[in-house]
Amino acid sequence: MEIKIDPRIIKSISEFNLPTKIGFGKTLAPVMISCSYKEEKWGALNLVPYEPLTLSPTAKVFHYGQEIFEGMKAYRVNGQGPYLFRPEENQKRFNLSAERMAMPTLPEELFINSVKLLTEYCAPFIPDKSGDSLYLRPFMFATEEHLGIAPSNEFKFMVVASPSTAYFSSDSLKVLIEREYVRAVDGGTGQAKTGGNYAGGLNSAIRAKNLGFSQTLWLDSKKREVVEEMSGMNIFVVMKGKLVTPSLEKTILDGVTRRCLIRLAEDMGFSIEERALSINELIEAIQSGECSEAFACGTAVIVTPIEGFGEDDGTFYKVRSKGESIWPRLREKLLALQEGREKDIYGWRHKVSLSYGEKASEGGVEV
């Protein structure tokens, strides 16, 4: 695999300073990864300054939506790291998305090396507060210049990085139950991490915000009865002392954080149920007090508690906790593993060598 490092990055990195307030996804690192696919093969991996792209107005991504992405993080807390967390799982899901969207898959070596290389050069800009991170966004889009309705033959793979704090500014979430629109349908693209899935939920996001909610809870497309997931994150509830999360269907994204929490919860002695959960069952459990906790999870949000669920008409079902909550313990356990504060017995944590660039140069880096 050929890696090329643009000499302009030296200036880009030396002139970059983290602002006092970085937010989430608003502050972009000064370098990025770029790689092109043409004639059925991937080209060199390029580390270049962060800069605007130039695309033809007829690039197929603009007209037929061939686009996928991933979300992952690098951590460097108290001088530990930098660490990536289960990047091979993001690579697998990236390729599942690519296959669904009629796009070329990405070799594991290319994907992993791209996020490692970017993390190494962005290491000085990783926030060191627990819960903060370098958010990495690998993505791919169609670049072929043609208006015919057919899969593109040319693509661009890129990775950008954003030093980031918490995704939500509030301590808990109020969630709107979406009873009109749906996020995904059986046989559709719900399992793929593609932009169209999220664009279809933005109307609901606007309505939710106007009603005082911060998130949308999506139900199944057939009867609007079964809880699926939230916009960009999975959901857990605690019912009768058991952790319950919707079982994965073809309409639900297979969250890496979700899978980690299931394993951690089991090892911590909690009972887990992956099953169909109806919205009526959830509401009744909240009203009766059988549901004592609810939380969202995902790469960006980590683990964030849900205050309650609401309807368009103003009805609000507040989750009333009983005793010690489970979510803070899961969140701390997960972060301790991600940030290198606890021994990794699972083999999930990958340390990024700060001499990675030198090693890569032995394989043909051109500067």
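**Reading the terms used for this predicted model**

The protein chain carries 45 positive and 49 negative side chains, with the centres of the two sets 3 Å apart; Lys and Arg count as positive and Asp and Glu as negative, while His and the chain ends are not counted, and each charge is placed at NZ of Lys, CZ of Arg, CG of Asp or CD of Glu. This is a predicted model, in which local features need pLDDT of at least 70 and side-chain atom pairs count only at pLDDT 80 or more, whereas totals for chains, interfaces and linings use all residues. Residues are numbered from 1 along each chain as its sequence is written, and side-chain values use heavy atoms, leaving out hydrogens and water.

User: What makes the protein chain as compact as a globular protein of that length?

Analyst: The secondary structure comes to ten helices and 19 strands (DSSP runs, H or I of at least four residues for helices and E of at least two for strands, numbered from the N terminus). The radius of gyration, taken over C-alpha atoms, is 21 Å, close to the 21 Å that the globule rule (2.2 Å times the number of residues to the power 0.38) gives for 367 residues, so the chain is as compact as a globular protein of that length.

User: Why is strand β8 called mostly covered?

Analyst: Buried means under 20% relative accessible area, exposed over 50% and partly exposed in between, with a 1.4 Å probe and protein chains only; nine of the ten residues of β8 (residues 133-142) are buried, so the strand is mostly covered.

User: How do you know that β8 and strand β9 pair?

Analyst: Two strands pair if DSSP finds at least two bridges between them, and β8 and β9 (residues 155-164) have ten, in the antiparallel sense, so they count as paired. One of these bridges joins F141 to K156 in β9.
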